[in-house]
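Let's take a look at a protein model together, going from its overall build down to a single residue. Here it is.

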Amino acid sequence: MSHGSPMVGFSRTSDHSPTSLARWSILNQPLPARETIKTVHIYDFDNTLFMTPLPNSKIWTSPTLGFLQQIECLANGGWWHDSRFLAATGKGLEIEEGRAWEGWWNEKIVSLVELSAKQKNALTILLTGRSVKGYSGLIQRMIGSKNLDFEVVALKPEAGPNSEHLRSTILFKCMFLEDVLNTYTDVEEIRVYEDRVKHVKSFEDFFVQYNASSLARNPGRKPPVAEVIQVAEAAKCLDPTTELLVMQKVIFDHNTTLEQRLGSNFTPLQIKKTVFYTGYLLTPSTTSHLLKTLPIPNDNGLKLLGNSILITTRPASPQILSKVGGLGNKVDWDVIGWGQWENKVWAAIVKPANPDVAIYTETNQPMIVLALRGRDTRPMDAHRIKNWQALPSGQSLRITTVVGEKLLLRIEENSPEGE
């Protein structure tokens, strides 16, 4: 395996009793006697049992998405190590606990957990790389609200029960699995439910190693049949406003902590914006209606757009903003025609519904680029369209837009020239 040391035999404990195994669990309850357990069912939490929100790619730039996944990026840990992100799921902990986080569970896996809990000879385990220190209380409240019954809830401790250093989540999980199998020696089958492809592969390798070493030690004993079931990740996101509010608090705390630790030797982090363009922006439902109404080919090779009328390809100057009524100004438009160029770009031309309203675009003809085909086709190629078709007689199409910026946010050190 690629983890530097074999997974099997890493757990050095010689005491394999249910009492010893219970030390891994945050539940503080005795485990069933060894001879009563014939099957073990292990469920991962994030994106397996629960649809954990991921950082929103419609809010953050790619480098920031990567930055947030790392534990060392922020003083309190990143997205997976600061419990405020998980606690902000849905309408937030206080409201969601009362409604058992409805709509956020993978109900197929919930049903399997419920079946496992009813099975007399099964040991039902929740196993997650979330830290004991950061998440014990929150995860207990979450599974409690859903009435899920586990015998063991194992979160990643700072160190193993015998002070082992746990370099990674997969090392912790395999070490725990080994303790389970060494404790419940009459087990005939073990099932693990997991969403991460890398972890699925690591578990499969672990079981091959475990069974080989187990056969070497006890040639007569039949090793358990192990099955690792890959669960399709069902990702969701937080409400964008909530995500920003939590992130601002997290960054404020990060800056405060570092300032206390380092004094004036530190550069604070800040949320900054990268503006791609300023335009009259359409809502997603308006875009969807437009793309359904106008004759665009229905094929997978197209990149669908239809989300704005371009004002300028950068942040707008105060002069331009004053011409368009400022950010947030609403403007209605009538679609007066559509066209395409070489089967590569499709667009609609528009005019203000109120001829007296002041508008500004950097091109002579305001237009909405609807779709592109091909890697080299750019939205500006819409200006090559010469033959515009009128809408069918009797058909009118009015849309509402809001002056706004198409932007993504980034988190970086606060340098004065960065903005």
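In this predicted model, the protein has a radius of gyration of 28 Å, while a compact globule of 419 residues would come in near 22 Å. You can also picture a box drawn around the C-alpha atoms along the principal axes: that box is roughly 85 × 55 × 45 Å.

What is the chain built from? There are 11 helices and 13 strands in the protein. Now look at contacts between residues at least 6 apart in sequence: 79% of them join residues at least 24 apart.

Here are some whole-protein percentages and what they refer to.

| Item | Value |
|---|---|
| Buried residues, out of 419 residues | 47% |
| Carbon and sulfur share of the accessible surface | 52% |

That accessible surface adds up to about 21300 Å². As for charges, the protein carries 45 positive and 44 negative ones, and their mean positions lie 4 Å apart.

Time to zoom in on one residue. Where does Ser-25 sit? You'll find Ser-25 in the loop between helix 1 (18–21) and strand 1 (39–43). Is Ser-25 buried or exposed? Ser-25 counts as buried because its relative accessible area is 13%, and the cut-off for buried is under 20%.

And what does Ser-25 touch, leaving aside its neighbours within four places in sequence? Its contacts are Glu-151, Val-152 and Val-153. So much for the tour; try finding Ser-25 and Val-152, one of its contacts, in the structure yourself.

Conventions: Residues are numbered from 1 along each chain as its sequence is written. This is a predicted model: local features need pLDDT of at least 70, side-chain atom pairs count only at pLDDT 80 or more; totals for chains, interfaces and linings use all residues. Side-chain values use heavy atoms; hydrogens and water are left out. Helices (H or I, at least four residues) and strands (E, at least two) are DSSP runs, numbered from the N terminus. The radius of gyration is taken over C-alpha atoms; the globule rule is 2.2 Å times the number of residues to the power 0.38. Buried means under 20% relative accessible area, exposed over 50%, partly exposed in between (1.4 Å probe, protein chains only). Contact means heavy atoms within 4.5 Å. Accessible areas come from the Shrake-Rupley method with a 1.4 Å probe; for residues, only the protein chains shown count as cover. Lys and Arg count as positive and Asp and Glu as negative; His and the chain ends are not counted. The place of a charge is taken as NZ of Lys, CZ of Arg, CG of Asp or CD of Glu.
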